[in-house]
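Q: Please take a close look at one part of this structure, the small sheet, residue by residue. Then move outwards to what else the strands and helices do.

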Amino acid sequence: MTDLQFDQRHLWHPYTRLHSKATLPLVERAEGCTLYTRDHGPLIDAMSSWWSVIHGYNRPELNKAIEDQLGKMAHVMFGGLTHQPAIDLGKKLVDITPPELDAVFFSDSGSVAVEVALKMAVQYWQGREKPHKRQFATLRSGYHGDTFATMSMSDPDDGMHKRFHGLLHEPIFLDAPPLGFEADDHVVADYLRKSKKNLQQNRDKVAALVLEPIMQNAGGMRVYSPEILAGLHDICKELDILLILDEIATGFGRTGRLFAYEWAGICPDILCLGKALTGGYLSLAATIAKSSLAPDIEGPDHAPLMHGPTFMANPLATAAANASIELLLSSNWQQKIKNIARQLREGLSSLFALPQVEAIIVKGAMAAIHLDHPVDAARVQQIGFEHGVWIRPFRNLIYTMPPYSISESELAKVIEVITRSARGMRPAIALRRDNLAIARRDKPST
Ligand code: PMP
């Protein structure tokens with residue numbers, strides 16, 4: 001049995017059948033924005049390894065931070081002990097987020113970071129003697145992870161977790177925000193009015209509203225207006241509902257601001273970070289709360305926050321995160337992201353002419369083509385292999401979230417693959433008029 005046959009028969013990969021037919025590219029090493037594969041040669045990574053590898057692969061600065069830390073200790077329990085990389089990272093996170101967000105909980109993945117945020121919210125309302133506030137509200141078309149509580153928040157119809165219905169919590173779903181970074185005033189007002197009504201009816205049971213700010217990601221690659229985000233923030237304040245922002249995908253510059261909430265000039269009660277936190281080197285996440293919530297989270301009986309993963313604040317991961325944040329902040333990341341956005345906008349705008357294209361979304365270092373039918377993913381990936389690009393479309397979406405370090409010529413190849421793929425897709429037989437309207441309205445915006 002070859003190694004690839006072993007992989008095919010014995011290893012599960014994300015969201016795939018065990019005995020999947022496909023043989024997967026075997027990545028032997030990675031450097032810059034390139035994955036060096038055994039059978040498909042070098043491939044430019046259009047996905048940043050699921051949006052995390054913002055600086056590219058094999059960065060000497062990150063390697064060194066991990067190697068230095070490895071010489072001291074790879075891991076030590078965080079229960080009852082502490083260590084320098086965790087303290088340094090805590091300081092950095094407190095420093096780069098609004099002053100109120102100053103109580104940091106480290107965990108090992110994005111899903112867990114959201115779970116921790118949910119627990120904080122439940123404990124908070126118990127402490128405030130409103131234990132009936134224990135349900136969550138969220139937006140349709142969202143995605144917050146694969147654990148049970150976070151699955152509950154995924155879109156109930158289009159999400160990946162439909163088969164678990166019945167086992168999941170039932171959140172209050174607000175409509176998905178209207179597509180487009182720039183939205184007409186009446187569209188914003190209408191959306192906020194409906195959302196407020198829904199939240200108002202449920203304010204006695206809703207502990208927190210959980211959402212991805214500005215950009216909904218795995219739930220459908222949708223960008224929405226900062227005015228909607230600001231409006232939802234204000235509604236939460238008015239109705240005494242906590243606001244939990246999941247910036248696991250948008251954090252650390254992806255949308256063109258360090259954090260997406262900055263577009264709306266708001267501060268959440270609780271913020272979840274992950275993915276790019278370590279520059280995509282190691283699994284680490286953080287849930288950052290206002291410390292003003294802590295007394296109520298602990299309640300009159302001074303109960304601790306009930307969570308504590310084995311690998312909490314892992315020293316290698318926190319060391320990588322320190323180096324990644326330093327690298328990001330000392331770079332001209334804003335300019336790089338503007339350049340990426342400009343190139344994506346210019347390179348992809350011709351696709352508007354295609355009848356099968358419903359919308360083209362460009363926001364910061366992200367572009368998504370929404371087609372009016374499911375994408376033939378294998379075919380898109382084959383086009384990618386032919387052009388030396390790694391891309392992984394899903395549902396009706398062909399998208400890229402490249403490393404910020406991608407060069408103009410590398411990005412040109414990614415654009416070429418997206419363009420060829422979108423052109424190669426058959427238009428749906430019957431075009432829906434409302435979809436065309438979306439395409440016209442949604443001019444790509446930065
Ligand atoms: N929230 C968002 C917005 C995400 O995009 C993801 C991962 N795609 C998660 C949570 C879950 O993160 P993880 O895969 O690290 O558990």
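A: Start with Y36. Its bridge partner in β3 is P42. The model is predicted, so read every position as computed rather than determined by experiment. Next to that pair, L35 is bridged to L43 of β3. Both pairs belong to the antiparallel pairing of β2 (residues 34–37) with β3 (residues 41–45), which has four bridges. The two strands form a hairpin, with three residues between them.

Now look at β2 from the β1 side. Strand β1 covers residues 27–31, and four bridges pair it with β2, again in the antiparallel sense. Y36 reappears here, standing opposite R29. L35 also reappears, as the bridge partner of A30. So what links to Y36 on each side? R29 stands opposite it, and P42 is its bridge partner in β3. For L35, the partners are A30 and L43.

β1 and β2 form a hairpin as well, and two residues lie between these strands. Within that hairpin, G32 has a positive phi near 60 degrees.

β3 has one more partner. Strand β15 is short, residues 389–390, and two bridges join it to β3. Here the strands run parallel. D45 is the residue of β3 to check, with W390 as its bridge partner in β15.

Put the pieces in order. The four strands make an open sheet, β1-β2-β3-β15, and its pairing is mixed. β1 and β15 are the edge strands, so named for pairing on one side only.

Now the aromatic rings. Eight aromatic pairs are counted in the model. One of them joins W51 and Y399, whose ring centres are 5.9 Å apart. The cut-off for edge-to-face is a plane angle over 60 degrees. The planes of W51 and Y399 stand at 80 degrees, so this pair is edge-to-face. W51 sits in helix α2 (residues 48–51), while Y399 sits in strand β16 (residues 397–400). The pair therefore ties together parts that are 348 residues apart in sequence.

Next, the seven-stranded sheet. It too is open, with mixed pairing, and the order is β4-β12-β11-β10-β7-β5-β6. Its edges are β4 (101–107) and β6 (172–174), each paired on one side only. Neighbouring strands turn by 20 degrees against each other on average, direction ignored. Take one pairing inside this sheet. β7 (residues 206–211) and β10 (residues 242–246) run parallel and share four bridges. One position to inspect is V210, opposite I244 of β10.

Helix α5 (residues 110–127) packs on that sheet. The strands touched by α5 are β4, β5 (135–139), β7, β10, β11 (270–273) and β12 (285–290). Its direction makes about 25 degrees with that of β12. Another helix, α7 (residues 185–202), lies across β5, β6 and β7. Relative to β6, α7 runs at about 170 degrees.

That leaves the helix pairs built on α10. Two packed helices are described by the angle between their axes and the distance between the axes. Begin with α3 (residues 60–72) and α10 (residues 315–329). Their axes come within 8 Å and cross at roughly 150 degrees. That angle makes α3 roughly antiparallel to α10. The crossing is right-handed. On the α3 side, the contact uses E61, L62, A65, I66, Q69 and L70. On the α10 side, it uses P315, L316, A319, A320, A323, S324 and L327. By type, these residues divide into ten nonpolar, two polar and one charged.

Helix α4 (residues 84–96) also meets α10. Again the axes come within 8 Å, but the crossing is at roughly 40 degrees. α4 and α10 are therefore oblique to each other. This crossing is left-handed. From α4 come P85, A86, D88, L89, K92, L93 and I96. From α10 come P315, T318, A319, A321, N322, I325, E326 and L329. P315 and A319 of α10 appear in the contact with α3 and in the contact with α4. The residues of the α4 contact divide into ten nonpolar, two polar and three charged.

Key. Residues numbered from 1 in each chain as written. Predicted model: local features only at pLDDT ≥ 70, side-chain atom pairs only at ≥ 80, totals over all residues. Heavy atoms only, no water. Axes fitted to C-alpha atoms, helices over the stretch in contact; angles between N-to-C directions. Parallel < 35°, antiparallel > 145°, perpendicular 65-115°, else oblique. Left-handed = near helix turned anticlockwise from the far one by under 90°. Contact = heavy atoms within 4.5 Å. Nonpolar A, V, L, I, M, F, W, Y, C, P; charged D, E, K, R; others polar. Pairing = 2+ DSSP bridges. Phe/Tyr/Trp six-rings, centres within 6.5 Å; stacked < 30°, edge-to-face > 60°.
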